[in-house]
Amino acid sequence: MAKKMAIPWKFKYEFAMGRWTSNLKAYLYAIREKYGPEAALEIYERTCKMNDRIKSFTNAVLKAFELEGNDAETIGKWWDIWHELTGTRGTILERSKTVCRFKVTKCPTKTEPKDISGWSITFVDLIGKAINPKATLERLKGMCAGDPYCEYVYKIEE
């Protein structure tokens, strides 16, 4: 039996994350090119919701990191983990039980065509809704939409 090859964790991470972001963008761009931006966004949203993919993914992260609760602080902690996993850089602007506001200054999933910038709103909104269905999201700025940074605000009415 051949000896199992040791692959460095850093390479595994870069391989997985690089392929994930590359494929995400490639699918969005290919659908946009052939069918238009509306179709790309519609198919992306449909894919995210299919079999509760984003909800299941969100819950897997909550479970793995033993996050409990359904308030805006939990949503913020979830995003702290996501940002660390993906190499996203940003700043927490406000965090409480009812409000989570953060700014993203470096994003590996930033797309170029502005007409498909709504994909990120879909993803970010579904994460919040998976944690608390009453969470509302507002994107004040979006790098995919041409702004110099992203700014998101979740609110949960008491």
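What is the volume of the largest cavity? The largest cavity has a volume of about 220 Å³. This is a predicted model, and the tour has two stops: the cavity, then the largest pocket.

**Stop 1: the cavity**

Select Trp82, Cys107, Thr109, Val124 and Tyr152 to find the largest cavity; out of 19 lining residues, these are the closest to its centre. No search for a second void of this kind is needed, as the structure holds one cavity of 30 Å³ or more.

Next, show helix H4 (72-86), strand S2 (99-106), H5 and strand S4 (150-155), the elements that each give two or more residues to the cavity lining. Then colour the lining of the largest cavity by class: 13 residues are nonpolar, five are polar and one is charged.

**Stop 2: the pocket**

Move on to the largest pocket, with a volume of about 470 Å³. Centre the view on Trp20, Leu24, Tyr44, Thr47 and Cys48, which are the closest to the centre of this pocket among its 18 lining residues.

Now bring up helix H1 (9-35), helix H2 (37-49), helix H3 (53-64) and helix H5 (118-131); each of these contributes two or more residues to the pocket lining. Highlight H1 in particular: with seven residues, H1 supplies the largest share of the lining of the largest pocket. Apply the class colouring here as well, and the pocket lining splits into 15 nonpolar residues, two polar and one charged.

**Last selection**

Finish on H5, which gives two or more residues to the lining of the largest pocket and also two or more to the lining of the largest cavity.

Technical notes: Residues numbered from 1 in each chain as written. Predicted model: local features only at pLDDT ≥ 70, side-chain atom pairs only at ≥ 80, totals over all residues. Heavy atoms only, no water. 1 Å grid on protein atoms, 1.4 Å probe; cavity = no way out; pocket = protein on both sides within 12 Å on 5 of 7 lines; lining within 4 Å. Points joined across faces, edges and corners; volume = space filled by probe spheres on them. Helix = DSSP H or I, 4+ residues; strand = E, 2+ residues; numbered from the N terminus. Nonpolar A, V, L, I, M, F, W, Y, C, P; charged D, E, K, R; others polar.
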